[in-house]
Amino acid sequence: TTAPRGQSKIAPVAPDGRISFPIIGNVQAEGMTVTQLEQTVNRQYSAYIRNLQATLILLEIHHAKFYIFGEIERPGTYEMTSSINLLEALGMANGYKKSANIREVVVFRNDGLEKPIALKVDLENVLRRGSPYYADLRIRPADIIFVPKTKLDNFNDLVEKIFTRGIYGILP
């Protein structure tokens, strides 16, 4: 739409923390104040258009969300009101169950790539040794954290299906 003194556009911040603008493309907004973002946008536009002055107005605040599933006490969607790491995310979900395989926790992340990337984290090593590798993995908006079952618990589930539902519990 056209505003009285120029162009106007409502541009939401994408889950990856970027805003898409005409001409200059995507601009990283996450972690910036409105004033800092406005300065960045005007600096980038100055390379293309002389005397352009963009004014940014924050309409709504929506907290970013991450998702945590698997062998977690409270799986689900959680709001990120500040920057958190993987251990803090697990804490928000009341921790992992005894049946959790914390050696193979996976964080799925879509960084605007064709396929999401998967970061496998050995939390047992992190907790036992205080290993710095992935100990402070920052959770980003729209990350999906999956805590799988141990192999023994997968086997126990199979045994339970056979003995409670019979062989037809596992065969079609």
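A salt bridge here is a side-chain nitrogen of Lys or Arg within 4 Å of a carboxyl oxygen of Asp or Glu. The model is predicted.

**Exercise 1.** Decide whether the partners Arg109 and Asp143 of one salt bridge are buried or exposed, and state where they lie.

Solution.
1. The closest N and O atoms of Arg109 and Asp143 are 2.6 Å apart, and the two form a salt bridge.
2. Arg109 belongs to strand S8, while Asp143 sits in the loop between strand S10 (138-139) and strand S11 (144-147), so the bridge ties together parts 34 residues apart in sequence.
3. Buried means under 20% relative accessible area. Arg109 has 6% and is therefore buried; Asp143, with 1%, is buried too.

**Exercise 2.** Find the salt-bridge partner of Glu104 and classify both residues by accessibility.

Solution.
1. Glu104 pairs with Lys120 in a salt bridge, with 4.0 Å between the closest N and O atoms.
2. Glu104 is in the loop between H2 and S8 and Lys120 is in strand S9, so parts 16 residues apart in sequence are tied together.
3. Glu104 is partly exposed at 31% relative accessibility, whereas Lys120 is exposed at 53%.

**Exercise 3.** Place the salt bridge between Arg103 and Asp122 in the chain, and name the network that includes it.

Solution.
1. Arg103 and Asp122 have their closest N and O atoms 3.4 Å apart.
2. Arg103 lies in the loop between helix H2 (86-92) and strand S8 (105-109), and Asp122 in the loop between strand S9 (117-121) and helix H3 (123-129); they are 19 residues apart.
3. Arg103, at 39% relative accessibility, is partly exposed, as is Asp122 at 23%.
4. A network of salt bridges links Arg103, Asp122 and Glu124.

Technical notes
Residues numbered from 1 in each chain as written. Predicted model: local features only at pLDDT ≥ 70, side-chain atom pairs only at ≥ 80, totals over all residues. Heavy atoms only, no water. Helix = DSSP H or I, 4+ residues; strand = E, 2+ residues; numbered from the N terminus. Buried < 20%, exposed > 50% of the residue type's maximum accessible area, 1.4 Å probe, protein only.
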